[in-house]
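Ready for a few exercises? Take a look at the chain and its ligand, then try each task before reading the solution.

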Amino acid sequence: MNVLLTGGAGYIGSHTAVEIMRAGHGVVIADDLSNASEKVIERIEKLGGKKVYFYKIDVCDKAALDGVFALHDISAVVHFAGKKAVGESVAQPLMYYRNNLDATITLLEVMQKHSVNRLIFSSSATVYGIPKTVPVDENAPRGCNNPYGWTKYMSEQIMRDACEANKDLAVVLLRYFNPIGAHESGVIGEDPEGIPNNLMPFIAQVAVGRREMLGVFGDDYPTHDGTGVRDYIHVVDLAQGHVAALDYTENNSGALAVNLGTGRGYSVLDIVKTFERVNGIEIPYRIMPRRAGDAAVIYADSSLAKTLLNWEAKRDLEDMCRDTWNWQKNNPNGYRS
Ligand SMILES: NC(=O)c1ccc[n+]([C@@H]2O[C@H](COP(=O)([O-])OP(=O)(O)OC[C@H]3O[C@@H](n4cnc5c(N)ncnc54)[C@H](O)[C@@H]3O)[C@@H](O)[C@H]2O)c1
């Protein structure tokens with residue numbers, strides 16, 4: 001079958017495209033390249049061993065998206081397209097609501113027009129806000145503390161309502177925990193514009209000499225070493241979770257929310273130390289004040305993914321650190337290298 005990946009030129013989308021191709025499917029990508037490089041397309045083709053049909057369009061442009069559906073016999077969609085920087089969403093909430101919600105609604109309208117009823121959505125553990133207990137399962141109370149998170153929360157609701165109205169529609173809302181790492185080939189990886197918002201790309205840029213020092217936000221949390229604990233998941237495991245979710249939509253309908261995490265928490269300093277040990281590189285760091293809105297500890301209850309999708313993460317923290325460095329050292333300036 002052919003699968004459309006909105007936002008498929010981005011970090012998670014590019015890794016997922018490769019896994020979908022390796023599972024035997026055709027891939028069509030629609031991405032406006034607002035946060036990606038066109039260079040990734042030929043690299044996906046190299047790793048996936050097939051042609052990728054790429055359209056540089058804004059998913060909110062209904063006519064353009066309709067054109068893609070008219071050209072290809074699309075059976076399912078994975079919807080990655082969206083802006084994702086929490087801080088930017090606080091500064092420019094309307095831009096986030098406009099882009100992320102418009103993209104979701106436009107996509108659902110065009111899917112409906114073309115009778116495409118299988119959808120996987122990039123949701124996020126951010127919909128749990130600051131959880132009261134860990135591990136966090138899919139029934140934990142939800143509530144967000146920034147506009148980015150609300151766009152995920154609202155998109156989930158829009159998709160649930162669409163499923164209520166169309167009993168043939170199947171949607172899997174994948175709530176990602178903290179994706180890191182890169183394809184083991186070192187050919188594709190994470191390539192943030194400007195100063196990285198997330199821990200691992202920051203560490204990688206310190207390692208390669210693009211930044212002097214890592215800032216660690218808070219060392220007085222109630223955790224084993226005082227730094228925040230998160231559930232880091234290898235991006236290739238995450239990508240394979242999408243293939244499992246696509247399979248699930250073949251024989252099921254309705255909306256299903258599923259956590260994609262490893263079920264294990266690591267602290268910021270665990271990551272720094274593992275990266276140093278596995279790659280033999282020192283990462284200088286400085287303790288900074290806590291960041292507003294950061295939880296002490298979040299990790300997933302990942303049992304539902306195993307039960308319903310027959311999926312679980314296979315790669316460990318060492319793999320994540322090694323593959324990140326393999327990508328960064330081969331591409332010191334990302335896709336601009
Ligand atoms: N990376 C994470 O830590 C994380 C965690 C949870 C959820 N997510 C979600 O997963 C998805 C993919 O994340 P990523 O890390 O690969 O981000 P990314 O920025 O690398 O990928 C998103 C892609 O969407 C494209 N895009 C944005 N708006 C668009 C539009 N209107 N039309 C067409 N293309 C558009 C961008 O150019 C980019 O290539 C996002 O929806 C993100 O919110 C990411």
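In what follows, Ala, Val, Leu, Ile, Met, Phe, Trp, Tyr, Cys and Pro count as nonpolar, Asp, Glu, Lys and Arg as charged, and the others, Gly among them, as polar. Keep in mind that this is a predicted model.

**Exercise 1. Sort the residues in the shell around the ligand by class, then find which element gives the most to that shell.**

Step one: use the classes above, and the shell splits into 12 nonpolar, 11 polar and 5 charged residues.
Step two: look for the residues that come nearest out of the 28 around the ligand, and you get Gly7, Gly10, Ala36, Gly82 and Ser122.
Step three: pick out the elements that give two or more residues to the shell, namely α1 (11–22), α5 (93–113), β5 (118–124) and β7 (178–180). Top contributor is α1, with 3 residues.

**Exercise 2. Work out whether the radius of gyration of the protein chain agrees with that of a compact globule.**

Start from the chain length: for 337 residues, a compact globule would have a radius of gyration near 20 Å. The protein chain has 19 Å, so the two agree. For the extents, the C-alpha trace spans about 55 × 45 × 40 Å along its principal axes.

**Exercise 3. Find the residues that touch the most other members of the largest nonpolar core.**

First, a bit of background: in soluble globular proteins, nonpolar side chains tend to be buried together. Here the largest nonpolar core has 96 residues, and those touching the most other members are Ala17, Val27, Ile29, Val172, Leu174, Ile203 and Ile271. Helix α8 (residues 235–248) brings the largest share of this core, 9 residues.
Now zoom in on Ile29: leaving aside neighbours within four places in sequence, its contacts include Leu5, Ala17, Ile41 and Phe54.

**Exercise 4. Leu33 and Ser115 both have a positive phi without being glycine; decide for each whether it is buried, partly exposed or exposed.**

You need the cut-offs: 20 or more other C-beta atoms within 10 Å means buried, 12 or fewer means exposed, and in between is partly exposed.
Leu33, with phi near 60°, sits in the loop between β2 (26–30) and α2 (39–48). Leu33 has 15 other C-beta atoms within 10 Å, so it is partly exposed.
Ser115, with phi of about 55°, lies in the loop between α5 and β5. Its count is 9, so Ser115 is exposed.

Conventions. Residues numbered from 1 in each chain as written. Predicted model: local features only at pLDDT ≥ 70, side-chain atom pairs only at ≥ 80, totals over all residues. Near = placed C-beta within 6 Å. Helix = DSSP H or I, 4+ residues; strand = E, 2+ residues; numbered from the N terminus. Core = buried A, V, L, I, M, F, W, Y, C linked by C-beta atoms within 7 Å. Contact = placed C-beta atoms within 7 Å. Rg over C-alpha atoms; globule rule 2.2 N^0.38 Å.
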